[in-house]
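Work through the exercises below with the sequence and the structure side by side. Try each task on your own before you read its solution.

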Amino acid sequence: MKKLHFEYRMKLAFDHPVRQHRFTLRCVPISNERQQIHVFDTDVYPKEFLSADMDSFGNYCIYGYSEGQHDHFSVSVTGTAKTGLSSFETAPEDYQLGLFRYQTECTRPGPCIRTFHERFSFPDETESIDRAIAYMEALYREFQYVQGVTGISTTAEEALNLGKGVCQDYSHILLSLCRLDRIPCRYVVGMLLGEGLSHAWVEVCSNGRWIALDPTNNLIVDDRHIKISSGRDYKDCTINQGLFVGQTTQTQTIHVSVTESWEGENNYDKDCCGSRASR
């Protein structure tokens, strides 16, 4: 178990003012069986009209609207997390898991993923988590972590065919492989001990438990991870969604910092969120 201090900061700068800005933010982690969250402060600009609620996946959402002109948009969230409280989250009844068994536009397999999947042969009694770990280990060996070669619209099939990508790609590929076996699984966005960007991983349902796997780092998720949201794929967990009126170019900057607290002091782990930890 760890006590972690986290900061999430995002800013959109517009080169010309915009107005009538509607947005949805998913950047505030909530408590569950694995983690206990205490949020110190959440600041949104502009904040003319704000409300909050849970979406259909149980993610905490901030909904907002700004009528007036503004040249930037920002959000910051700070707090603490006690992590590693459990090794799993309890899954719902089987009939409620169908949504997570089927492929999405992001995970739909093509020839590349199907060929990868066909290399594996498991006894019928093999647990879902053991199948998922086997897929993760093979993916880690054969897929290369490289930034800047894929984007938010890159599908699992496109990424595996390319042979390289980032945490989003690792996660979409693992989801696709598991769903070929009809294993319920979901995409997770969160934060990892260190400084950098947000991170992504996968939760696999096995024997009534959501067990989290980090395919980018080839490990079972531990107390270095803070979960923010989960869904069928990246699109269900988008941290910032919105629209506005105005012709402008926008520049986004994001900074995530997660530090471990020891008797009131912070020690920094230099592994970047979203990047591969050293082997």
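## Exercise 1: a strand and its partners

Strand β6 (residues 89–90) and β12 run antiparallel and are joined by 2 bridges, where strands are DSSP runs of E with at least two residues, helices are runs of H or I with at least four, both numbered from the N terminus, and two strands pair if DSSP finds at least two bridges between them. The model is a predicted one, in which local features need pLDDT of at least 70 and side-chain atom pairs count only at pLDDT 80 or more, while totals for chains, interfaces and linings use all residues. Residues are numbered from 1 along each chain as its sequence is written, and side-chain values use heavy atoms, with hydrogens and water left out.

Task: find which residues stand opposite W210 in β12, and describe the hairpins that β12 forms.

Solution. Begin with β6, where E89 stands opposite W210. Next take strand β11 (residues 199–206), which pairs with β12 in the antiparallel sense over 5 bridges, and in which C205 stands opposite W210. The hairpin of β11 and β12 has 2 residues between the strands, and N207 takes a positive phi near 55° there. Then turn to strand β13 (residues 219–220), which is antiparallel to β12 and paired with it over 2 bridges, with L219 as the bridge partner of D214. This second hairpin has 4 residues between its strands, and N218 in the turn has a positive phi of about 55°. As a last step, look at the covering of strand β12 (residues 209–214), of which 5 of the 6 residues are buried; buried means under 20% relative accessible area, exposed over 50%, and partly exposed in between, with a 1.4 Å probe and protein chains only.

## Exercise 2: strand β1

Task: name the strands that pair with β1, and give one pair of opposite residues for each.

Solution. Start with strand β5 (residues 70–83), which is joined to strand β1 (residues 2–25) by 13 bridges and runs antiparallel to it; here K2 stands opposite T83. Continue with strand β15 (residues 240–245), whose antiparallel pairing with β1 covers 5 bridges, and where V245 is the residue opposite R19. Finish with strand β4 (residues 60–66), also antiparallel to β1 and joined to it by 5 bridges, with F23 opposite G64.

## Exercise 3: rings

Task: classify the ring pairs F23 with F73 and F120 with F122, and find the charges that lie over F116 and W210.

Solution. Rings of Phe, Tyr and Trp (its six-membered ring) pair if their centres lie within 6.5 Å, and planes under 30 degrees apart count as stacked, over 60 as edge-to-face and the rest as tilted. By this rule there are 10 aromatic pairs. The ring centres of F23 and F73 are 4.6 Å apart and the planes stand at 50°, so this pair is tilted. Because F23 lies in strand β1 and F73 in strand β5, the pair ties together parts that are 50 residues apart in sequence. F23 is buried, with a relative accessible area of 4%, and F73 is also buried, at 0% relative accessibility. The pair of F120 and F122 is stacked, with 6.0 Å centre to centre and 15° between the planes. Ring pairs also link F116, F120, F122 and Y135 into a cluster.

For the charges, NZ of Lys or CZ of Arg must be within 6 Å of the ring centre and within 35 degrees of the ring normal. R119 lies over the face of F116, at 4.6 Å from the ring centre, and R186 lies over the face of W210, at 4.1 Å from the ring centre.

## Exercise 4: the faces of helix α1

Task: decide which residues of α1 are buried, and what covers them.

Solution. In helix α1 (residues 111–118), the buried residues are I113, F116 and H117. Seen down the axis of α1, these residues fall within an arc of 100°, so they line one face of the helix; the arc is that of the directions from the helix axis to the C-beta atoms. The face turned away from this buried side carries the exposed residues P111 and E118. Among what covers the buried residues are α2 (128–142), α3 (156–162) and α4 (167–180), where contact means heavy atoms within 4.5 Å.
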